[in-house]
Structure formats: C-alpha cells, structure tokens
Amino acid sequence: MPSTISKSAFVSGFWAGLPFIAVGVPFSLFFGIIATEAGLSVAQAMGFTIVVIAGASQFTAVQLMIEAVPVWSVLAAALAVNLRMAMYSASLQPHIGAAPLWQRMLCAYINFDASYAISMARYEQDPPMSVSEKVGYFLGSVSLMTPLWFLGTYFGAVFGESFLGSFDVTFAMPILFLALVAPMVKTLAHLAAAVTSVVATLALSFMPSGTGLLVAALLAMIVGAEIERRRGR
Amino acid sequence: MSYSDGQIWLMIVIMGVGTYLIRFSFLGLIGNRKMPEWALRHLRYTPVAVLPGLVAPLVLAKDASGQMDPILILAAIATGTVGWWRKGMFPGIIAGIATFLILNALF
C-alpha cells in the first residue's frame, strides 16, 4: 500500500488548480459578505466555511436562514445540494480507493467540484498515474484554493461590501468547468451523457435545491453506460 | 437572524458532518475492494453526467430583466468547442474568456 504522496504530482495538480483561484476567491469573499449581512457572526461565517467547506450549500443555507425557515429544512436543502459529492466519491473510488485510510479521509474533506473536476480531467488522460500520484494531484489541485477560501470568507465577513467593489468574475465559473469537461467527451456515449445532463437538469429545474441535478446526473450516467454496453468502448 | 447562536452552531456542525460523510461515503466504505463492472461502467460517466448539468443553469441564467446573456452563451459554446477540439483545459479557458471579453467590448 503506498503511504507517501507523490510530490511531483502534487505540484502538477497545484498548477492545474491555479485558474480556479480567480473564481474561488471572489466567491468566498461574497460568502463572507452575505453571511454577516444575514446576521451571522464572523466566527459563524468561518464555521460554515471551514466545517462545511462547500460553497453552493453554504449560500443555500444562508439564503434559507434569511427566510427564517425551520432548522431541519435548512439542513435538508443544504445537504441535498451536496449529495452530488457522493457520486464524486464513488467515481474517485476506482482511482484512489487503494490509498491509506488517512489519505482518503483527507481527500474526502476537500472532495468538491473543483478538486473533482480538475483531477478527473487528468486521471482520464495519458500517461496513467499511480495511486500515490493521483492522491498527490488531487490534494495539490486545491492546496492553494482551500486556505484562500478560508481567508476570503474572513475578509468578506470583516470588511463587508467595500472589499468586493465592482469586481465581478461570476461569468468565469461555468467557463472553467466547461473547459475541464470538454476534453473528457471522447465518445458518443460521453456526448450523449453530457447532453442528457444538460437537458434533464433544465427540465427538472422545478425540483428543490440540487435534487434535479442528481436525477439528471443518474439519468445521464445510465445513458452513457447503456450506449457503451451496446457499442463497446 | 431568527435563530439562537446554539441553533446556528448546531446547523453548522450537522451540515459539516453530513457533508463530510457524503464525501467520504464510497471512498471510505469500499476502500480497496473492486466494484462490479456494471457499477464502474456507470461511474465512468460521472464527470460528463454531473458537470454539464451543474453549469447549464449558470450559462442560461436570466438577469433581473428576465434576459439571458447571449455573450455568455457564445463564450460557453466557444469553451466547449475549443476545449473538445484541442483536448485541453487551457485552450478552452482562453477561448471562452476571450470570447466573453471581446464581445462585451464590441457590444
């Protein structure tokens, strides 16, 4: 069992993760701002960011807290938003499941959209990586973003709106994720899965927080797997 | 805020623990064992099944006046096309951001 983490893969992951800083930092500043404006203390905003460390669900929770809904429904909605990460966990298992428990526990803490997308984009390319290289790449991909995410929330919470100014980079987020996923579309099965994902998510947008995406993703996985089974890879 | 400090911290802790268990789930429980072929076949499509659905609503989002942003949609198409054609992340990012900035400067 490999117990050391590949340093060179960590460094490669670090470089691949850099573009995501440009989106992650403003996003975290914004969370700090709206969390304190909603009435949370700086410590509570930091609690969300460090303990939960999942942007979309943090925004969902704060939004629902502003609307003063019952505690259990804040929890249900926020956790539903994060359920897609169970799919990430399952999808990562064939790659890093053989790593020691402590490494898997560490990877689980930072298993979010950016780390998953950046790493899978690399795992599916040649040359193939060893398990310790895959773990190193995964950890490296968000090694800078994670502390900056904490720091951004702190500055946003302490300094408020004055900090953000007119700096708006929200447009870059879909572009970064699309740039990662586009090279992964290698076969008709991948293309069909991607199209199913988009169409079904839009068609199911009436479903509450994140659950439409889950159903759409399951459908898309079935479409991809079924086409692969019939046609061969 | 209509919640007590205790309730807020309770929500933070439950959300944190719940989210961690979601993230750890398969990595922790299955560990080194091999999943059956049918499961692996489905899991191979996870990135292309989740990420496009994650970003589609962001690309097609309507602004306060109920309008979609055609420049953002074109930038997304440029990203997808160039990223797929050049088989890499950076060509896609450059194509998408350049399209967005240039068209916004022109119109």
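**Close-ups of a predicted two-chain model**

**View 1. The two domains of chain A.** In this predicted model, the centres of domain 1 of chain A and domain 2 of chain A, taken over C-alpha atoms, sit 24 Å apart. The domain assignment runs domain 1 over 7-169 and domain 2 over 185-233.

**View 2. Where domain 1 of chain A meets domain 2 of chain A.** Each side chips in with seven residues: seven from domain 1 of chain A are in contact with seven from domain 2 of chain A. On the domain 1 side, the elements giving two or more residues are α4 (71-82) and α5 (84-96) of chain A. Of these, α4(A) supplies the largest share, three residues. As for chemistry, this side of domain 1 splits into five nonpolar residues, one polar and one charged.

**View 3. Chain B up against chain A.** Here the contact draws 78 residues from chain A and 60 residues from chain B. Looking at the chain B side, you'll find five helices listed as giving two or more residues: α1 (5-29), α2 (37-43), α3 (46-59), α4 (70-86) and α5 (89-106). The biggest contributor on that side is α1(B), with 19 residues. The chain B residues that touch chain A break down into 39 nonpolar, 18 polar and just three charged.

**View 4. Inside the largest nonpolar core.** This core has 108 residues. Those with the most contacts inside the core are Ala117(A), Ile175(A), Leu176(A), Phe177(A) and Ala220(A). Helix α1 of chain A, residues 7-37, gives the most to the core, with 11 residues.

**View 5. Phe177(A) and its contacts.** Leaving aside residues up to four places away in sequence, Phe177(A) touches Ala117(A) from its own chain, plus Leu51(B), Leu54(B) and Val55(B) from chain B. Both Phe177(A) and Ala117(A) are on the list of residues with the most contacts inside the largest nonpolar core. As for the chain B partners, Leu51(B), Leu54(B) and Val55(B) are among the buried residues of α3(B).

**View 6. Helix α3(B), mostly covered.** From its first C-alpha to its last, this 14-residue helix reaches 20 Å, close to the 20 Å expected at 1.5 Å a residue. Not much of α3(B) is left uncovered, with 12 of its 14 residues buried. The buried set takes in Thr46(B), Pro47(B), Val48(B), Ala49(B), Val50(B), Leu51(B), Pro52(B), Gly53(B), Leu54(B), Val55(B), Ala56(B) and Val59(B). Helix α3 (46-59) of chain B is also one of the elements giving two or more residues to the side that touches chain A.

How values were computed
Residues are numbered from 1 along each chain as its sequence is written. Chains are lettered from A and ligands numbered from 1 in the order in which they are written. This is a predicted model: local features need pLDDT of at least 70, side-chain atom pairs count only at pLDDT 80 or more; totals for chains, interfaces and linings use all residues. Domain bounds come from an automatic or database domain assignment. Two residues are in contact if their C-beta atoms, placed from the backbone, lie within 7 Å. Helices (H or I, at least four residues) and strands (E, at least two) are DSSP runs, numbered from the N terminus. Ala, Val, Leu, Ile, Met, Phe, Trp, Tyr, Cys and Pro count as nonpolar, Asp, Glu, Lys and Arg as charged, and the others, Gly among them, as polar. A nonpolar core is a set of buried Ala, Val, Leu, Ile, Met, Phe, Trp, Tyr and Cys residues joined through C-beta atoms within 7 Å. A residue is buried if 20 or more other C-beta atoms lie within 10 Å of its own, exposed if 12 or fewer, and partly exposed in between; C-beta atoms are placed from the backbone. The expected span of a helix is 1.5 Å times one less than its number of residues.
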